[in-house]
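Please open the model in your viewer and keep the sequence panel beside it, as each stop on this tour asks you to select something and then look at what surrounds it.

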Amino acid sequence: MTRLSRQDSLFLLLVVFLTLATPILLQPFPEGSSLAQFNAGYPDLMQRFAIYGIFAMGFNILFGLTGYLSFGHAAFLGVGSYSVVWMYKLLGFNVVPGLILAVITSGIFALLIGYISLRRSGIYFSILTLAFAQMSYNLAYSVFTPLTNGETGLQVYGKDPQYLMGPNSPNSPHFFGLAMIDSVKLHLAGWEFTFNIGYYFTAVIAIIAFYIALRIFRSPFGLMLRAIKTNRTRLDYSGVNTRPYMLTAFVISGMYAGLAGGLLAAMDPLAGAERMQWTASGEVVLMTILGGAGTLMGPILGAGFIKYFENIFSKINESVLHDWFGWLPHGVQDFVVAVINPFVGEGWHLTLGLIFVLVVVFLPGGIMEGFQRIWKAFGRKSVDSSAQTELNPAE
Amino acid sequence: MKFDKINRRSFIKSSAVAGAGLALPTIFTSSARAYLNEPKGSTVKLGFNVPQTGPYAAEGMDELRAQQLAVEHLNGEGDGGMMNTFSSKTLKGNGILGKKVEFVSGDTQTKSDAARASARSMIEKDGVVMINGGSSSGVAVAVQGLCQEAGIIFMAGLTHSNDTTGKDRKANGFRHFFDAYMSGAALAPVLAKAYGTDRKFYMLTSDYTWGWTQADSMKTFLEEKGWDMIKDVRTPVGAGDFSSYITPVLQSGADVLILNHYGGDMINSLTQSVQFGLRDKQANGKNFEIVVPLYSELMAEGAGDNIKGVYGSMNWNWQLDNPGTKAFVKSFGEKYGAPPSNSAQTCYVQTLLYADAVERAGTFDPCGVVAALEENTGSIAGIDSPSNKGFMFDGMGTGKTMYRSADHQCFKDVLVMKGKESPTNKYDILEIVETTPVSNVWYEPDNEMFGGKDASLGKCNSGA
């Protein structure tokens, strides 16, 4: 193995630092202050940041490098979740067998779907993957109910065999005895930081996944994938068979999604069919484009951005707004609240949509392009490693 | 390996480290605690997890309105609503156990995944002690499981599937709403009386857990009355267009169509059936009839005129004539300008029942609350069964009602409803045909439709 360049090593270190310090970085406001609403440092959301980061990273290997837009990645997410929950049911609550199975099954799934879908390119490829994902969703929702428990979602019941469960094993998902739901809380002055085992477990896996993605981006294989994005016909004419490369990228990307799905079930032992729905597939496309397709860091930022909106912005309801603007005179207060209200709470989709439009129009390279521009504005000629990770807009 | 001699510098360094190590336990608190999210200040937080987007959003918003009203009443604002008629007199309008009640709301999106994410953030970020609400059985079962694992109380909102307190019952979960079994048991005699005993029926069923248990129950009870099932066709959820499912009904030889649909699906399938002229047709020499086993006011509003003369069942209706209903409809109507739906009533009552159980237990500890809600304070008259015991209450709009200890299911009379032929205003669209007494819809906790002998509540979990 060749060594990483100095820039890449620094970049990796930065990512490791950011990931490990997340519980502190996401908790900037003291408890009890009116801004505590915006704190995001609680286990569930931090886990989601890491997991959807992995999902988007994997999607980016396919979409960012080859330009093939898959609209069916949620199918692999779902397959991963179901694998993990089935391992809970059969073996016990250790997450390791489930995660391994999740990666393997999603890989096989990706191989099958990719083998067929990759016969076409462009919009036809997208539609084929979408069709497969919707097929999987509908099968999981109703036809395969004995396997998936349909609409209710697959759960662990007391009567499940769980052959490897010892008398002292934790009764919730764990990694060799370390229960995912356990946390240590740190109280410092007014602040409260939660260090959750489940988050650090996903964070370590996310860092490994990031390292692998980095290696793929820098490898000759990655270069070949970029060549396919630039001009596939030309490669075909020069006698290169591109299909094996495409299929490999598709399978790797599917395995990332399967891993992410598996981790979702590792944090919360339930697998629902909605995970396979087209909206979930669309979400990862949004994450990738919002963050910056083709960049290493972009999709992870995009994932964090969307999950933050979904979980924090959607919680701001009318009474919270009235609290905030309580200092305004009564009539003005009602007016301000009435204007803002459609954009928060259940209207978070609207705000997200507006931001998405603005980003696509003004920053085609996503959030990463925004960072790069800011960096340039400060007069630095050679951009730092994090911003230098090739900035190729999606199309 | 090489050991350095201890010099002054390294001694200071290592003692600083040791000191920091000793100080750590005082700033770190591990997971050791009396119970999860114990309210320490002068307030207590409840979580209202309802669909605010998606097909059941209308139901969800009505639930949220009712929950807000319940919080106001608990805090002593407004006119007190059902707190004045509730048979248990522990609630004084000074919050719960003297703590002011606050709430956070979340959006379930009618998806199990999203509902669990929203519930987890309420538990982990906002520190709620109880979650209430929801408008789908899939979501209810998923969130109930989560609350059990985490260690807080779940008071289910609108969930009608047998599974919620059947095979998926949990010690920390409670359901006030009725279930598919009760609908079937209440509807069948009324249908047999209205349409005769030699009917042939055809069912369209939403293809998921709730639809199946609903179809099962209807089939069992109607066949007991001598009806024959021609066919049970599964339709995908959210299909939108049901015409291809409705066309074959007329040629099938059936003379009754049963629509096991809910929400938007029910509005579409009923409207399309009526537009196809099913109700004007004759089959086997009888008038063709349509039945919708589970009604709600919001669905009835959506279906408009098509609902006239169609039978269905309900948990509660604002037109009921009792003090609890009147008090609730009055305060809800004054605040929001419309009568409450039956899902709103369930969520309101569940919030008060929770508050009352905490008061009686004297603690927010989930295990104490479970014990208070399981407390044996009587049984329903006229039912001879060892499982006929639990917390009895009255004055909440549904008459004498019992939270059965064995499976945490409420037992009360079931309303059989019919679409009104000549409504006087836009809320007056359903009429109460019959109030089926609870003894007619009673079942044992180990009933086969409810998971049989395998189903058990398990142990309560306080998250300690």
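Select chain B of this predicted model and colour it by burial: of its 464 residues, 56% are buried. The secondary structure of this chain comes to 12 helices and 18 strands, and its radius of gyration is 25 Å, close to the 23 Å that the globule rule gives for 464 residues, so chain B is as compact as a globular protein of that length. Taken along the principal axes, the box that its C-alpha atoms fill is roughly 105 × 55 × 45 Å. If you display contacts between residues of chain B at least 6 apart in sequence, 71% of them join residues at least 24 apart.

**The parallel sheet of chain B**

Now select β2 to β6 of chain B, which form an open sheet of 5 strands in the order β3-β2-β4-β5-β6, with parallel pairing. The edges are held by β3 (100-107) and β6 (173-175), each of which pairs on one side only, and from one strand to the next the twist averages 20°. Zoom in on β5(B), residues 153-156, which is joined to β6(B) by 3 bridges in the parallel sense; there, F154(B) has G173(B) as its bridge partner.

Keep this sheet on screen and add two helices. Helix α4 of chain B, residues 137-150, lies across β2, β4, β5 and β6 and runs at about 165° to β5(B), while helix α11 of chain B, residues 342-361, lies across β2, β4 and β5 and runs at about 160° to β4(B).

**The mixed sheet of chain B**

Next, select the strands of another open sheet in chain B, where 7 strands follow the order β8-β7-β9-β12-β13-β17-β18 and the pairing is mixed. Here β8 (228-235) and β18 (430-436) stand at the edges with a single partner strand each, so one side of each is left without a neighbour in the sheet. The twist in this sheet averages 25° from one strand to the next.

Within it, pick out β9(B) (residues 256-260) and β12(B) (residues 289-294), which run parallel and are joined by 3 bridges; I258(B) has V291(B) of β12(B) as its bridge partner. Then show helix α6 of chain B, residues 209-224, which lies across β7, β8, β9 and β12 and runs at about 165° to β7(B).

**Two loop residues in chain B**

Which of the two residues visited next is buried, and which is exposed? Select K40(B) to begin with, in the loop between β1 (28-29) and β2 (43-50) of chain B. K40(B) has 9 other C-beta atoms within 10 Å, and is therefore exposed. Its C-alpha atom is separated by 9.6 Å from that of K99(B), although the two residues are 59 apart along the chain.

Move from there to M396(B), in the loop between β14 (390-393) and β15 (401-404) of chain B. M396(B) is buried, because 29 other C-beta atoms lie within 10 Å. Leaving aside residues up to four places away in sequence, M396(B) touches M82(B), F86(B), G324(B), V349(B) and T401(B). From M396(B) to Q350(B), 46 residues away in sequence, the C-alpha to C-alpha distance is 10.0 Å.

**Helices and a hairpin in chain A**

Switch to chain A and select helix α9, residues 243-267. At 1.5 Å a residue its 25 residues should span 36 Å, and its end C-alpha atoms are indeed 36 Å apart; this helix is mostly covered, with 19 of the 25 residues buried. For a pair of packed helices, select α3(A) (residues 74-90) together with α5(A), whose axes are 8 Å apart and meet at an angle of about 35°. The contact involves A74(A), A75(A) and G78(A) on α3(A), and F132(A), A133(A), S136(A) and A140(A) on α5(A); by class, these comprise 5 nonpolar, 2 polar and no charged residues.

Then display β3(A) with β4(A), residues 191-196, which pair in the antiparallel sense over 6 bridges. L188(A) stands opposite W191(A), and in the hairpin, which has 2 residues between the strands, A189(A) takes a positive phi near 50°.

**Where the chains touch**

Finally, show both chains and select the contact between them, which takes 32 residues from chain A and 33 residues from chain B. On the side of chain A, α2 (43-66), α5 (122-143) and β3 (183-188) each supply at least two residues, and β3(A) gives the largest share, 6 residues. Coloured by class, the residues on this side of chain A divide into 8 nonpolar, 14 polar and 10 charged.

Note on methods: Residues numbered from 1 in each chain as written. Chains lettered and ligands numbered in written order. Predicted model: local features only at pLDDT ≥ 70, side-chain atom pairs only at ≥ 80, totals over all residues. Contact = placed C-beta atoms within 7 Å. Helix = DSSP H or I, 4+ residues; strand = E, 2+ residues; numbered from the N terminus. Nonpolar A, V, L, I, M, F, W, Y, C, P; charged D, E, K, R; others polar. Expected span 1.5 Å × (residues − 1). Buried ≥ 20, exposed ≤ 12 C-beta atoms within 10 Å, placed from the backbone. Pairing = 2+ DSSP bridges. Axes fitted to C-alpha atoms, helices over the stretch in contact; angles between N-to-C directions. Rg over C-alpha atoms; globule rule 2.2 N^0.38 Å.
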